4 protein chains.
Amino acid sequence: MNAQQPPPVSRVGSAPVKRTSGPRKSQEIFDATLDLLQDKGYEGLTVEGVAERAGVNKTTLYRWWPSKGALLGAALVNSTRLGFPLPDTGSLQGDLETVLNSVVALLTTQSTANIAIASLGAVAQSPELALHARNFFADRLAREQPILDRAIARGELTPDTDPALLMHLMDMLAGAAWLRVAFRQLPLDAEFVTRTVRTALHGALEQPRPLGHP
Amino acid sequence: MNAQQPPPVSRVGSAPVKRTSGPRKSQEIFDATLDLLQDKGYEGLTVEGVAERAGVNKTTLYRWWPSKGALLGAALVNSTRLGFPLPDTGSLQGDLETVLNSVVALLTTQSTANIAIASLGAVAQSPELALHARNFFADRLAREQPILDRAIARGELTPDTDPALLMHLMDMLAGAAWLRVAFRQLPLDAEFVTRTVRTALHGALEQPRPLGHP
Amino acid sequence: MNAQQPPPVSRVGSAPVKRTSGPRKSQEIFDATLDLLQDKGYEGLTVEGVAERAGVNKTTLYRWWPSKGALLGAALVNSTRLGFPLPDTGSLQGDLETVLNSVVALLTTQSTANIAIASLGAVAQSPELALHARNFFADRLAREQPILDRAIARGELTPDTDPALLMHLMDMLAGAAWLRVAFRQLPLDAEFVTRTVRTALHGALEQPRPLGHP
Amino acid sequence: MNAQQPPPVSRVGSAPVKRTSGPRKSQEIFDATLDLLQDKGYEGLTVEGVAERAGVNKTTLYRWWPSKGALLGAALVNSTRLGFPLPDTGSLQGDLETVLNSVVALLTTQSTANIAIASLGAVAQSPELALHARNFFADRLAREQPILDRAIARGELTPDTDPALLMHLMDMLAGAAWLRVAFRQLPLDAEFVTRTVRTALHGALEQPRPLGHP
DNA sequence: CGTTAACCGAGACGGTACGTCTGGTCTTGCT
DNA sequence: AGCAAGACCAGACGTACCGTCTCGGTTAACG
């Protein structure tokens, strides 16, 4: 969250909760950061701009975050804009389609697409932001794990299913979506979602069977 | 490529082809551009730096490319650093594995990974660079089409196979690889390649069969 | 002395010495101020630096002195570093030479020169510091008055000598020294002292005689 | 004048005279500098302020002068505000009185006094400005040398007069004036001028005579 | 082979933002 | 209740690049 945050001192005794986390106007700052990112992209996102829009002095920002990347990282982490609900549709395919639909929505909705794409660029440039990204995705994966559990409980998957399967599927699904949007600039539609989920899911389930000899 | 120069082509007669394209030291410029991109990332890539390293005046760069993005686009297009050979292994699965291995190699080899990742960031920031990316990927897809043709000729795929299948597969394969590298920062190994190709390929071939009722 | 600080004048009489003046660590603060002034000059003298070196919070300084100039003024006033002993050599010329030597020493000794020169700049900028300077010099002149009295008593000067003569002489002597150091950056040596005192003194004594007709 | 001026390339051949001396708006810059110095003192003199007032970009100033002190130095040297005419009254005493009157005028006229006093403080604070001051005074002294020459030609001084005499006299005259203004804050009047010049001059002329035995 | 037009180098400039520093103010919580 | 600690605002610092401009000087293709 904050790269240089002092240790949470945790005084023993009657100590009232110590406020060690970030500037007083954190929320305004994060909002301003994402708003600007949304409006002007990563290059147009300047520390001075954030300071002005958040009604905060530039030095305050530098006191808490050493760079634009770190600030953006904190803003992204503290944001719910890129979040999405966890599905429970009653079938594995339905759940996966819902998740991929969320990703597609994220990448195709005007307001979030800019942030997402810009984050992509930001991650590619800022090591510490990359760290945040890794954590973000790991957390996300962990929160998606119930999808797999429920599928096993329903008998759609065998109990000995490789736990890494979910990550594998997600990478293929979300990866395809990202690549189409970022590099091919193709629209993402419902047909894409259905087809991709079906391919990945069938492929995952049918793996033992030798290819080309059905 | 050059925004401000109307081609004075149109010479009637036997005129030998006029070289109207780009500065005299194009090659040095492109090399310098990619070298710097590799060393310092997209943000550290500056027009002034390119000019100095290429032994060229800043003015010259601006004479030919209106922006850093345009310059990088030209450098990427005119480069062979991101190229890769087309495989012909005798089986569809082998071909796909080879292609995915190329992508993985691109993303894991030090010298190319930096360029690729940085380009990723660059695309996310520069609309005109995004255009170049689209063209680059479209071209690449077209050059990969023989893989599909040969698979049909071998009987691995039926003649009425959807021509978009290749793009579909490639998006899943390469997308998974990109996402793992860019966001999850996971290493890409041979096991990843095999597994991903098998999943995608099986899924694509088995699609008609209803899920969960084998 | 200090603009908002009642003088601790040390009243004679029964008054119990009341300590209403300044922070508890006044002495550390003044020392730190002059030390820093000595080390880094007036520009390098910062309130933050003084606070740190004196082991005091910045707020405390601002509670008692409104500005850097005021703080420096107080420090200079409460300091004995620029003081010098009053001479009694037995001759007017000797006394003057001793005084001028003191001034020269003040301006050429490393540790005091910085303070003196910096004070010069400070006076030029701070009206209230200028006031202190005026008082300081007036006081100094008053304390030098015995030099004149003794010279009259010895018969070196006539009893009706203009009392302003001393100030006049001092201004010429010290002024020359200051000007050489501050503006010409010339070294001040014994020859300078002798020569200047002789010139000023002879000039003062010989005034009645018309010029050019010796 | 300019501290970082590139070497005068002096191309062989018909090279037209190269203009290597300072920014195009030098005059505006110097004027703005002195105006601000006059208005707000040395501390209130900021590079940004000069840039704005001169209608010039801040970078331009830094391109030519490395610091505020250097800029002020150049402005002072290139200025006529602190200049003064060289006198030729027909007598040494008259010349000296005129010069001292100039100094007094400089220090007592509202518009110039501010600059002079502020420069005083500036010199005390900035080593490289002190260098400029030295040059300025050396130049001034050189230009005053004719006063001495004419006095010798007139027979007021013997041909073997020590050439350093002039500096000696000037230091005493101007030094006394500066000291009175800066430290004592006394007004400078015609009586001061007459008296000081007479003292210094008599003293200088009468030096051989032993003190106290007229 | 000489002309000439396109190209280039040098470098000053206005401009934006950077990341830092210090001067002063204001809040907060401990003693 | 008062004072420390220190977060904060204001604003200048000096730097790096940006993208533009002017001005000579070089190339090199054509005629």
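In this predicted model, α3(A) gives the most to the surface near DNA strand F, with 4 residues. That surface is a good place to start. The tour then moves to DNA strand E, to the chain pairs, and to the helix packing inside and between chains.

## The two DNA strands

DNA strand F has 33 residues around it. Those that come nearest are P23(A), N57(A), T46(B), V47(B) and T46(D). Several helices supply at least two residues each to the surface near DNA strand F. From chain A there is α3 (58-64). Chain B supplies α2 (47-54) and α3 (58-64). Chain C brings α3 (58-64), while chain D brings α2 (47-54) and α3 (58-64).

Now turn to DNA strand E. Which residues are the closest to DNA strand E? They are T46(A), P23(B), T46(C), P23(D) and T60(D), out of 35 residues that surround the strand. Here chain A supplies at least two residues from each of α2 (47-54) and α3. Chain C does so from α2 (47-54) and α3. From chain B and from chain D, α3 is the element listed.

The table sorts the residues of the two surfaces by class.

| Surface | Nonpolar | Polar | Charged |
|---|---|---|---|
| near DNA strand F | 9 residues | 12 residues | 12 residues |
| near DNA strand E | 11 residues | 13 residues | 11 residues |

## Chain A against chain B

Next come the contacts between protein chains. In the first pair, 42 residues of chain A are in contact with 42 residues of chain B. On the chain A side, the elements giving two or more residues are α1 (26-44), α6 (110-125), α7 (127-154), α8 (165-184) and α9 (190-205). Which of them gives the most? It is α8(A), with 12 residues. By class, this side of chain A has 20 nonpolar, 13 polar and 9 charged residues.

How are the two chains related? Two copies of a chain are related by a rotation about an axis and a shift along it. For chain A and chain B, the rotation is 180 degrees and the shift along its axis is 0.1 Å. The superposition has an RMSD of 0.2 Å. That is the relation of a two-fold axis. The same surface serves both copies, as 100% of the contact residues of chain A recur in chain B.

## Chain C against chain D

The second pair can be read in the same order. Chain C gives 42 residues to the contact, and chain D gives 42 residues. Two or more residues of the chain C side come from each of α1 (26-44), α6 (110-125), α7 (127-154), α8 (165-184) and α9 (190-205). The largest share, 12 residues, comes from α8(C). The classes are 20 nonpolar, 13 polar and 9 charged.

A rotation of 180 degrees with 0.0 Å of shift along its axis superposes chain C on chain D, with an RMSD of 1.0 Å. Which residue of chain C comes closest to the rotation axis? It is G203(C), with its C-alpha at 1.5 Å. Again the same surface serves both copies: 100% of the contact residues of chain C recur in chain D.

## Helices packing in chain A

Look inside chain A now. α8(A) and α9(A) pack at an angle of about 150 degrees, and their axes are 10 Å apart. Angles over 145 degrees count as roughly antiparallel, so α8(A) and α9(A) are roughly antiparallel to each other. Their crossing is right-handed. From α8(A), the residues in contact are L165(A), L169(A), M172(A), L173(A) and A176(A). They meet T196(A), V197(A), A200(A) and A204(A) of α9(A). This contact has 8 nonpolar, 1 polar and no charged residues.

Helix α5 (residues 92-108) of chain A meets α6(A) in another way. Their axes come within 5 Å and cross at roughly 90 degrees. That makes α5(A) roughly perpendicular to α6(A). L106(A), L107(A) and T108(A) of α5(A) make the contact with T112(A), A113(A) and A116(A) of α6(A). The classes are 4 nonpolar, 2 polar and no charged residues.

## Helices packing between chains

Finally, follow α9(A) across to chain B. There it packs against helix α9 (residues 190-206) of chain B at an angle of about 110 degrees, with the axes 6 Å apart. That makes α9(A) roughly perpendicular to α9(B). Among the residues that meet are L201(A) and H202(A) in α9(A), and L201(B), H202(B) and E206(B) in α9(B). The residues of this contact divide into 6 nonpolar, 6 polar and 3 charged.

Definitions and conventions:
Residues numbered from 1 in each chain as written. Chains lettered and ligands numbered in written order. Predicted model: local features only at pLDDT ≥ 70, side-chain atom pairs only at ≥ 80, totals over all residues. Contact = placed C-beta atoms within 7 Å. Nonpolar A, V, L, I, M, F, W, Y, C, P; charged D, E, K, R; others polar. Near = placed C-beta within 6 Å. Least-squares fit on C-alpha atoms with pLDDT ≥ 70 in both. Axes fitted to C-alpha atoms, helices over the stretch in contact; angles between N-to-C directions. Parallel < 35°, antiparallel > 145°, perpendicular 65-115°, else oblique. Left-handed = near helix turned anticlockwise from the far one by under 90°.
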